[in-house]
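The report below describes selected local features of one protein chain and then turns to the chain as a whole. It is best read with the structure open alongside.

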Amino acid sequence: MSSNLSGKCPLCLKPVLVRNFKRHCNSFHTSIDTDQKLQKQICKLKENIIKNNNNENILRQTATDDLPIQRSTSNELSPPSKRVRRESANEIENISSIYGNESILNTTDNKEILNCSESGTMKDFGYVTHINKIELSDIKNKICGELQYIIQQTQLTSRFLDLSVDPNISTKHFVIETSTYLTALRESITDLLIKCDQTLEQIPSSLLTTTEMIKSSEISISRDPSTRKIHNEVELRYLVNEGPYQPILKHYPDNEVLKKNNQTCHFTSKWYQEFPLIEYSPTKDSIYCFCCRLFGDGPGSAQSENAWTTLGVNTWNKIKGSRGVNKKGKLEAHNESEAHISSLQRYLKFKERKNNIDFMLDKNLQQQEQQKVQMAKSNLEAVKILIDCVKYLSRQDIAFRGHVEEEGNFYQLVQLLSKHNPVLKQWLNDVHNRPYKVTYMSTDSQNEFIQLLGDSVQETSLADIRASPYYSIMADSTPDSNRQDMLTIFVRFADDNLEPQERFVSIKELRLKTGDGIANHILEVLNELQLDPDRLVAQSYDYANNMSGQLNGVQAKISDKLQRKIKYIPCSAHRSNTVVKHACEASLDINCLVGTLQNIYNFFTSSTKRLAILNDKYSSNLFTLIPKTTSTIRWGGKYQALKAVYESFREIVEALDEITDDSENFDKDTRNEANSINTNMKTFNFITYLIFMKNLMSTTNAITNHFQGEKLDLLTTGELLDRTTKLLERERNNDDNLNNLITMSENMSKSYEIDPDKEFNYKHRRRRPPKRIDENPHTAHKFTRLQYYTNSFRQVLDRLILEYKEVLSSIDSNLESLSKLAPEYITNLSQQDVVHICQMTKIDDSNLLYGEIQLFKTKIAEECVTITDASLFISQRKSTIPRLYQAYRYLLSIPVTVASNERSFSKVKIIKNRLRTTMDDERLQALLSCSIGTVLVDAMNTQELVERWSRNKSGRRI
């Protein structure tokens, strides 16, 4: 939009140029103190300019288009119609769109009326004028209703007067509260000013007032009964007020056939007096029943005759009689029919209500409409608060209900907010004045709000996934508190900015744990979510046999069922943890170390008395850590246990010594167990392996934690593994570093009076073989303490390096030529590599991709260090290099770990805990979606949620 355009400021309605709007706000509106507020007002200004331009175009286009005049052949049929421009209908429709669809009239019917007048079936402009002016009256009621809401807000000023004299309220708090209140009040007034301004610009100056409209002879709704149309309430009031259409003509048309037979051959006006509810249509020369035509639909109308409502009756010889022996005439028979009697009853009930003029002029009804608008505004704010309460509880994993409904978190949170929000408090107090006394705080309403949020998060995630050309799946299962095996499924994709996203999409009970059963479960979920399986490029699971098996595992079954090879990437975090576990099992001494660590944890945490003694020892050292278990399923559990004992070694030994010597407070078994643990800890072997494993696992724990990142890509994972492997190889071949670890152990042992050589010689004393086996036993090689421990260290490091290389080889096999897209290797990318990449990513032209890479490879190599840097560089130029952009999107869609699934298990245990075991899968899915997708929940528009909630149930209104 050009900056030279001008419009009215949304706050003060003064004319201002778009380019000068920021200066205008700085000078006249000091409340616009942030860029976010400024952008919001700029958007409103531009919307007003666009809307005004559109309205001017419509007026210019339709200024010369007049509706044709429909004149009656008889002066007694209907008042003459006047010509009018079609723009009036457009203006009124625009005005109605400002205030919504809830009005005295049914706006859907109004649009049908306007369409009919344009198409030619009802080109009576008086008809259109009548409806449009009633809409304008409804707009006046809505504006007054919003004024009443503002008046209601201003009545809250008394609360601030009380706060000003409250000694417990600080001046700063009082000013903040007052400023917040005045800001909300100003926003309400500003919104109403904008609506009034928009309405004034669109209301034609020639329109009459409500009273003039009623008295005007221009009201020309066609009363001819032959006109077939469904009337709304306002039209019915007009027609009922006018009465049956009974034109009196000098001569009515004759039926020539009946005239030849000397029978009654035409209509006569005398029948009006005998049957006051009949109507005559000169256009069809037929009579109709007035009440049946207007009120024929309803109970008792099953036997109604179309002749009296739509077709008309013109068999004049049978109107009064001549239908046979003992048979009544058609009029008399119809008046006695059940359909006519039921229509007559509906007509009389409708007529008992005030006539059309009184209805339009009745101030009480107008006040009621204004009160409805005011109530709707209050209800809207209350429902917004209820939805915000549900958002808060859902994203924070807090239970909603308790054993007693009024004691639940949701109910108490609403009550707490009502103490500080007068609108909510008034809404709760007025519950008895509302239909059905609804508060929307029941269990069903809570579940509906939860499902609303869950569905919104799910729909947002699925929309983003469907917009991506590639996606991958990650699945893992865990038992819940109800002992059901629940399978969670996440989908990974790269968004438009080349940022990897992992979205939770499903949690359901897993009934079959075989590879085929899990594969069927996953494909069923993808089908339910309408995710195209052709876009599936990779899959990632843990390293269990039923998931990773090459023949019957899930990864193999998915490829078989989709009839194409789907890349399988084993969870890198799982494999890293498994590698460390296997390395620990390579040494018996390390297994003994882990067992002792677990014994320390069990000994102290199983008794509060023992733990109290340990805590007393900890009070003198701020860096001590409570012993941790080594049997936890968490990947960093063993490292945390090692670190805790290493940092608190002296305090633990002192606590064990005190328990061993305290025969008064501890029994013999406890003291013996404490002495046994203490003896195992005060050994050079324990201290040496404790230091070695603590230093080693600090490296492996760092890489395992790094593998749990959501934004991690496969290329970075391979580079990280390669660097870690090289680091471990350097440590393995560095004798000085290994000797330093042993020296540290010797120094630590001296403080506890441990003799390393004596202990080593005792456990590894030389045993001479008999001479029949070795004739010269004195020449046998003797291991020194230093050699023994360095060899043991290398044994663990060799196992660790070997398995890390296997993981790295698996990653390289999945990457293939994609590894050349890294900034450090992109300059070495060959034409053959590009062809291979195009085959994987289904890019249409390898030559164009190669050209794009050649064009930017130097810049990427010089300006980018990581894949993240290259992604940002490429996403900013995606229109220039679309194929390279697509290749990177494919690369970043490949998963690395199932850490997101593991994190969701923690959420499941919090949400579906032992007190909520009866929770069904649908509610669990919604709550888990909100808990995991907190970013999506926070970004939701509460106003849109309220509108969607109001549409979920027919008849519900705000």
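In this predicted model, helix H32 spans residues 756-763, and Pro-756, Glu-759 and Phe-760 are its buried residues to consider here. These three lie on the same side of H32, because they cover an arc of only 95 degrees around the axis. The face turned away from that buried side carries Lys-758 and Tyr-762, both of which are exposed. Among the elements that cover the buried residues of H32 are helix H29 (684-706), helix H31 (735-750) and helix H33 (785-815). At the start of H32, the backbone nitrogen of Asp-757 has a side-chain oxygen of Asp-755 within 3.3 Å.

Helix H29, one of the elements covering H32, also contains Asn-685. Is Asn-685 buried or exposed? With a relative accessibility of 15%, Asn-685 counts as buried, because the cut-off for that class is under 20%. Beyond its neighbours up to four places away in sequence, Asn-685 touches Asp-589, Glu-759, Lys-763 and Tyr-789. Of these partners, Glu-759 is one of the buried residues of H32, while the side chain of Tyr-789 is joined to that of Asn-685 by a polar contact of 3.0 Å.

A further polar pair involves Glu-658, which is placed in helix H27 (residues 649-661). Glu-658 has a relative accessibility of 35% and therefore counts as partly exposed. When residues up to four places away in sequence are set aside, Glu-658 touches Ile-613 and Lys-617, and the side chains of Glu-658 and Lys-617 are joined by a polar contact of 2.9 Å. Glu-658 is also 44 residues from Leu-614 in sequence, with a C-alpha to C-alpha separation of 9.7 Å in space.

The relative accessibilities of three residues, each in a helix, are set out here.

| Residue | Helix | Relative accessibility | Class |
|---|---|---|---|
| Glu-658 | H27 | 35% | partly exposed |
| Asn-685 | H29 | 15% | buried |
| Ser-394 | H16 | 2% | buried |

Ser-394 belongs to helix H16, which covers residues 363-395, and counts as buried at 2% relative accessibility. Apart from neighbours within four places in sequence, the contacts of Ser-394 are with Phe-400, Leu-453, Leu-927, Cys-930 and Ser-931.

The nonpolar interior can be described next. In soluble globular proteins, nonpolar side chains tend to be buried together. Which residues touch the most other members of the largest nonpolar core? That core has 141 residues, and the two in question are Phe-649 and Met-681. Leaving out residues up to four places away in sequence, Met-681 touches Thr-596, Ile-600, Val-645, Phe-649, Ile-652, Val-653, Leu-656, Phe-686 and Ile-687. A second core, separate from this one, has 29 residues, including Phe-290, Cys-292, Val-313 and Phe-350.

The sheet is the next topic. Five strands form an open sheet of mixed pairing, arranged in the order E7-E6-E5-E8-E9. Its edges are strand E7 (500-509) and strand E9 (567-568), each of which pairs on one side only. Strand E5 (residues 471-479) is mostly covered, with seven of its nine residues buried. E5 runs antiparallel to strand E6 (residues 485-494), to which it is joined by eight bridges, and it pairs in the parallel sense with E8 over four bridges. Met-474 takes part in both pairings, since Phe-490 is its bridge partner in E6 and Ser-540 stands opposite it in E8. Five residues separate the strands in the hairpin of E5 and E6, where Arg-483 takes a positive phi near 60 degrees. Strand E8 (residues 536-540) and E9 run parallel and are joined by two bridges, with Tyr-568 in E9 as the bridge partner of Gln-539.

Finally, some totals place these details within the chain, which has 41 helices and nine strands. Of its 958 residues, 46% count as buried. Among contacts with a separation of 6 or more, 70% are between residues 24 or more positions apart. The chain exposes about 50100 Å², of which carbon and sulfur atoms supply 48%.

Technical notes:
Residues numbered from 1 in each chain as written. Predicted model: local features only at pLDDT ≥ 70, side-chain atom pairs only at ≥ 80, totals over all residues. Heavy atoms only, no water. Buried < 20%, exposed > 50% of the residue type's maximum accessible area, 1.4 Å probe, protein only. Arc of directions from axis to C-beta. Contact = heavy atoms within 4.5 Å. Polar contact = N/O pair within 3.5 Å; in protein donor to acceptor, adjacent residues only side chain to side chain. Core = buried A, V, L, I, M, F, W, Y, C linked by side-chain atoms within 4.5 Å. Areas by Shrake-Rupley, 256 points an atom, 1.4 Å probe, with all protein chains shown as cover. Pairing = 2+ DSSP bridges.
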